[in-house]
Amino acid sequence: MLQKPRGTRDFLPDEMEARRTVEWKLREVARRFGYREVCTPAFEDLELFTQRSGEGITNEMYVFEDKGGRKLALRPEITAAVIRMYINEAKVAPKPLRWCYFADCFRYERPQKGRYRQFWQFGVELIGADTAIADAEVIMIAAEMLNATGVTYDLKVGHLSFMKQLLRDLEPAAQRRVMAHLDKKDFDGLGQTLAEMGKPDLAQSLTNLISCRTLAEALEIVGAVPGEERITQTLGILDAAGVRYSLNFGIARGLDYYTGMVFEGFAQNLGAENQILGGGAYRLAHLFGGDDVASCGFAIGFDRVMVSLGNVPPKKDTVLAIVCTNEGRRRALDVARAFRETGIRTEMDLMERGLGAQLAHASKTADYAVVIGKREAESGEVTLKNLHTGEQKTLDLAAAVAEVKAYGAR
Ligand code: HAM
């Protein structure tokens, strides 16, 4: 028997309905803040992803060559593609651009609970606004979205200026190595790397910085940092807006395009794979041939949110079964159409079963049955049976529709 590929999942209808329910809560928050949905291809030129992160990233991606010899990759994330699209399609559009997306990403990772090879991100990108309030708006949306889903979470906000200030004497490649250790919270590796670089004392300053919980403490350790005033302003706006967050200057972010504010969300009830959101301010456009536009965004790991939420009850839809004899079939089709036109989920027998077998099946799958035999076909009335109570009555079609609608609205 063939199985699905490793790290992928199938979703049955109950689960899909639960996912759509949560997805729409996220869409609704995006809409209220004015973020409009965009869509980019599932695969891109490999170069889009290697340009900033180097060839090493290919180990973590699905990379392939198409029949025309082009090197392509399934998207491991969507930010780079959105910025490419901005340069291709919307460079001259009035700024700022407020965009969002909900789409699947592919990463060649070792699968475990909450870590998949195909997973979905709900993301937001704000392009072309380089202000404190812009950074704050994106963080506010992140918090609102997590609130809307109902997950219990911690939101941690940091800024790369502090770490970069401590690491200012290192070459960019060395900085990246150090940041990678910090991102993975690999403090042993960090100590070793810094010792190799001849900077063992940096380990202590970095450890002190990471444990700071206020801006004042961080400034005391690092001294003045570029953009200090803007950081103060952003945090002030978040406080005024009542956003619940804590400061964490150890956030390094794995993707190396971030330039300023960075933030991450963690589900309180998840273990190893508990990071449910990540984002920050970044600059990518200049790498893809565009102007050096400031952007800020984040992506929610939708699948991890669903794991954190556990069982979300699927949307309760009233189900009507049309049960008919051969003589009643023509009229049954008209009756089914009438119910569907009013928005009621209506299912007809497709198995050519007898009336008794149709009713037995309906009692397992539906709330109501409309029975149409020879008598109903001739009289123009229908027999409506409530499959929960067993109550049965003969009504005209409009009254039957009204009763089923009233049941759905109760
Ligand atoms: P990221 O932190 O790499 O950021 O991914 C965002 C979120 O996707 C993570 O916090 C996590 O919840 C989820 N995620 C990542 N890998 C997996 C996986 N293998 N299985 C399940 N969920 C996963 C980005 O992708 C950036 N593009 C975010 C961003 C948008 N920055 C600016 N704009």
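## A mostly covered helix

How many of the eleven residues of helix α3 (residues 79-89) are buried? In this predicted model, the count is nine, so helix α3 is mostly covered, with "buried" meaning under 20% relative accessible area.

The buried stretch is made up of Thr-79, Ala-80, Ala-81, Val-82, Ile-83, Arg-84, Met-85, Tyr-86 and Ile-87. If you look around the helix, you will find these residues packed against several elements: β2, α2 (47-53), β5 (97-106), β6 (118-127), β10 (275-282) and β11 (295-301).

## Two nonpolar cores

Tyr-86 of helix α3 is buried, and it also turns up in the largest nonpolar core, which has 104 residues. Together with Trp-99, Met-145, Phe-162, Leu-206, Phe-298 and Ile-300, Tyr-86 touches the most other members of that core. Helix α4 (residues 132-149) is the biggest contributor, giving nine residues. Because domain 1 (7-151 + 268-315) and domain 2 (153-252) both supply residues, this core lies between them.

Another core, of 19 residues, lies apart from it. Its members include Ile-344, Val-370, Ile-372 and Val-382.

## A three-stranded sheet

Now to strand β2, one of the elements that α3 packs against. Strand β2 belongs to an open sheet of three strands, ordered β2-β4-β3 with antiparallel pairing. Since β2 (43-45) and β3 (63-65) each have a single partner strand, they stand at the edges, and one side of each is left without a neighbour in the sheet. On average, neighbouring strands here are turned by 35 degrees against each other, direction ignored.

Between β3 and β4 (residues 71-74) there are three bridges. For Phe-64, the bridge partner in β4 is Leu-72.

Technical notes: Residues numbered from 1 in each chain as written. Predicted model: local features only at pLDDT ≥ 70, side-chain atom pairs only at ≥ 80, totals over all residues. Heavy atoms only, no water. Pairing = 2+ DSSP bridges. Helix = DSSP H or I, 4+ residues; strand = E, 2+ residues; numbered from the N terminus. Axes fitted to C-alpha atoms, helices over the stretch in contact; angles between N-to-C directions. Core = buried A, V, L, I, M, F, W, Y, C linked by side-chain atoms within 4.5 Å. Buried < 20%, exposed > 50% of the residue type's maximum accessible area, 1.4 Å probe, protein only. Domains from an automatic or database assignment. Contact = heavy atoms within 4.5 Å.
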